[in-house]
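Reader: Could you take me through the packing inside this structure, step by step?

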Amino acid sequence: MSAEATNPASPGAVTSSPKLAASLEQDGAASPRRRTRPRIDLRRLGRAAFLGSATRDRLPDAIGHVAEAHRAHHPDADLEPLRRAYVLAESSHRGQMRKSGEPYITHPLAVTLILAELGAETTTLTASLLHDTVEDTDVTLDQVGEEFGAEVRFIVDGVTKLEKVDYGAAAEPETFRKMLVATGNDVRVMSIKLADRLHNMRTLGVMRPEKQERIAKVTRDVLIPLAERLGVQALKTELEDLVFAILHPEEYQHTRELIVDNASRADDPLAEIADEVRAVLRDSGIQAEVLIRPRHFVSLHRASRKRGQLRGSDFGRVLVLVNEDADCYGVLGELHTCMTPVVSEFKDFIAVPKFNLYQSLHTAVARADGQVAEVLIRTHQMHKAAEAGVIALGNPYAPPSEEQTDGDGARADLDADGERIDPTRPGWLSRLLDWQEAAPDPDTFWSTLREDLAQDREITVFRADGGSLGLPEGASCVDAAYALYGEDAHACIGARVNGRLATLSTVLRDGDTVQLLMGQDPASEPSREWLDHAHTPVARIAIQRWLSAHPAHNDPADVPPRSSGDPSEAEEATAEAARAAVDARSAQDGAESADPAATAVVDQPGATVRLAGCCTPVPPDEVTGFAVRGGVVTVHRVECAGVAHMKSTGRAEIGVHWGDTTEARVTLVAESFGRPHLLADLTEAIALEGVAIVSATVEPPSQQRVRHTYTLQLPDAAHLPALMRAMRNVPGVYDVSRAQHHVAVP
């Protein structure tokens with residue numbers, strides 16, 4: 001998509017430095033992909049564009065390499081659309097030249113060849129040949145649609161740049177926004193863009209150094225993360241190396257020298273380990289292909305920074321390819337049995353695939369001399385997906401294959417509503433498409449896009465209703481709230497994580513279960529402090545938009561303490577002090593009278609037993625006792641904070657066990673939203689369980705929440721779990737727990 005690039009066949013064309021150009025020619029040492037198919041001479045293709053046959057019954061010579069690569073993946077493909085697309089592209093671009101002086105048609109040919117080698121289907125290749133026609137020639141989208149159909153028209157439109165004359169400085173970010181929106185409907189748009197950028201990066205040498213650097217930075221910040229997220233490792237790794245060469249030429253040169261020095265070694269530990277792996281698998285009867293996969297430049301540079309002095313086995317990985325998923329685990333078992341495994345290096349991305357479709361088993365084996373080799377184990381199909389990512393999925397709109405249908409012939413890739421489950425529309429892309437709509441201007445979109453794409457790891461958390469939610473690593477409950485409820489999350493006042501109350505600032509971990517607690521007030525406001533905990537663009541943009549619409553809330557000096565799921569230290573201290581005062585009174589009331597119901601027996605003759613008011617133990621709680629003044633033994637639950645305090649002061653524990661009495665007195669704390677008739681509903685629920693209320697305290701509403709403290713007499717201590725469930729089922733109640741009072745321990 002750039003007429004300012006040159007041809008890689010020209011000496012020194014890759015970069016402005018001849019030495020660097022020479023180093024880039026060594027890329028084959030770090031990439032087996034490039035050894036299998038030599039780079040095409042685009043000068044010859046340029047001549048073929050004029051000299052080759054263009055008759056309707058013969059494929060033009062210039063796209064012979066494309067047809068050969070395409071048929072390698074799709075033997076039965078119809079090449080007629082490619083012939084027609086090439087004829088239109090060549091005639092439209094005729095007379096246009098690249099900076100190198102080559103015919104411009106060599107660029108769409110090279111982009112199409114990249115995609116063909118990755119296994120792209122015919123529609124993608126057709127659109128790739130035409131991807132610059134609407135942008136750079138007189139061909140219109142309507143003409144493309146009439147000649148090649150709506151799919152090709154949509155893809156070509158998606159990769160067509162917006163004009164600077166219309167958008168000015170916003171042209172680049174708005175072009176990417178348009179492209180991402182189109183990718184949300186058809187991922188083949190981004191496939192062509194990535195291949196287009198790869199060819200332009202290969203041929204960047206004739207540009208001014210400052211322009212090379214600018215393009216390399218955009219590639220690093222936007223295109224490489226997109227290639228990673230779409231799983232197209234073959235494009236991502238080469239883009240990384242090309243960017244590395246431009247932005248860090250000295251480090252690139254040093255890394256190249258490391259590769260050259262290692263290649264000159266007399267021994268090759270990696271090859272020896274690969275031979276051992278082959279022998280192990282041959283003896284076990286497992287059919288497998290064992291390859292050595294050299295590290296690319298950036299990977300090796302990272303390894304050298306992490307490990308310091310590199311060993312021979314650090315320059316690559318052993319790749320084992322098998323036919324079936326079960327064989328992957330069979331290979332793993334044999335290697336771990338017959339060789340020395342490095343257990344800490346094991347990762348199972350088959351059972352838990354990465355969010356970019358990647359599946360593989362990772363392990364490492366060690367030799368007696370200290371050489372450690374990483375081993376990747378995957379099926380041939382997994383390897384294809386690992387290299388080509390979404391490109392390997394083919395046409396997302398094609399009729400279902402046998403693998404996509406169930407036993408009755410119905411589609412297996414449809415959800416309960418009959419909608420297509422599109423693997424090319426992953427969660428991160430859906431989230432990106434959501435927040436980009438709310439970005440107020442191109443600058444905000446552009447900066448937020450770079451920040452979002454920098455978050456290259458994803459976690460999965462589970463909702464209370466059983467659904468799942470994909471979030472970037474480091475996301476908090478604030479992010480989960482806005483991901484679930486959009487701007488309605490302004491009313492969120494807290495969360496439960498794995499069943500326990502948590503503030504909205506709590507950082508979520510992979511596999512957590514999160515339940516968001518929503519307030520009842522429709523005029524609820526987000527807290528300014530939430531911005532400190534918002535990790536996702538959708539949360540930050542929503543909060544910032546609300547704060548911009550309510551500027552009075554931006555100055556903390558002018559705003560009194562207010563509702564927040566994550567209170568400030570002052571708010572937390574004030575709330576805690578109020579709770580402690582109430583708790584202390586309740587605890588004192590409970591501690592001054594021995595419980596007449598539940599009886600605890602202590603291993604100290606003549607002692608008077610008193611149940612501690614700080615934790616109100618009941619059967620069958622595990623309990624312990626401590627002696628206090630007057631020969632009294634206080635009985636605490638073993639998890640009570642007071643127990644740890646008394647142990648730390650040297651108090652001796654006294655053995656305690658429960659007697660035969662089943663009655664018990666317990667103090668429960670109910671947390672709820674404020675609403676009319678809540679107290680009446682709670683007391684009714686308690687009464688229906690046959691439980692007597694000894695005393696009750698209701699604190700004044702705070703931050704839309706109400707705290708109720710009940711001391712209850714249970715006819716049977718075993719009935720306590722059912723009572724707590726009944727109280728939680730009262731509308732508006734979001735937590736019921738045993739009292740844990742913060743009082744001084746006697």
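The turns below go through the nonpolar cores, the aromatic rings and a helix pair.

Author: This is a predicted model, in which local features need pLDDT of at least 70 and side-chain atom pairs count only at pLDDT 80 or more, while totals for chains, interfaces and linings use all residues. Residues are numbered from 1 along each chain as its sequence is written, and side-chain values use heavy atoms, with hydrogens and water left out.

Reader: Which helix gives the most residues to the largest nonpolar core?

Author: A nonpolar core is a set of buried Ala, Val, Leu, Ile, Met, Phe, Trp, Tyr and Cys residues joined through side-chain atoms within 4.5 Å, where buried means under 20% relative accessible area (1.4 Å probe, protein chains only). The largest such core has 79 residues, and M201 and L449 touch the most other members. Helices are DSSP runs of H or I with at least four residues, strands are runs of E with at least two, and both are numbered from the N terminus. With 8 residues, the element that gives the most to this core is helix 14 (residues 209-229).

Reader: Why is the pair of Y252 and F297 called stacked or edge-to-face?

Author: Rings of Phe, Tyr and Trp (its six-membered ring) pair if their centres lie within 6.5 Å, and planes under 30 degrees apart count as stacked, over 60 as edge-to-face and the rest as tilted. Y252 in helix 16 and F297 in helix 18 are 45 residues apart, and Y252 is buried, with a relative accessible area of 0%, as is F297, also with 0%. Their ring centres are 4.5 Å apart and their planes lie at 5 degrees, so the pair is stacked.

Reader: What kind of pair do the rings of Y482 and W530 make?

Author: Y482 lies in helix 23 (residues 477-485) and W530 in the loop between strand 11 and helix 24, so the pair ties together parts that are 48 residues apart in sequence. Both Y482 and W530 are buried. Their ring centres are 6.3 Å apart with the planes at 75 degrees, so the pair is edge-to-face.

Reader: At what angle do helix 23 and helix 24 pack?

Author: V478, D479 and Y482 in helix 23 meet A539, A542 and I543 in helix 24, contact meaning heavy atoms within 4.5 Å. Axes are lines fitted to C-alpha atoms, for helices over the stretch in contact, and angles run from 0 to 180 degrees between N-to-C directions. The axes of helix 23 and helix 24 are 8 Å apart, and the packing angle is about 85 degrees.

Definitions and conventions
Buried < 20%, exposed > 50% of the residue type's maximum accessible area, 1.4 Å probe, protein only.
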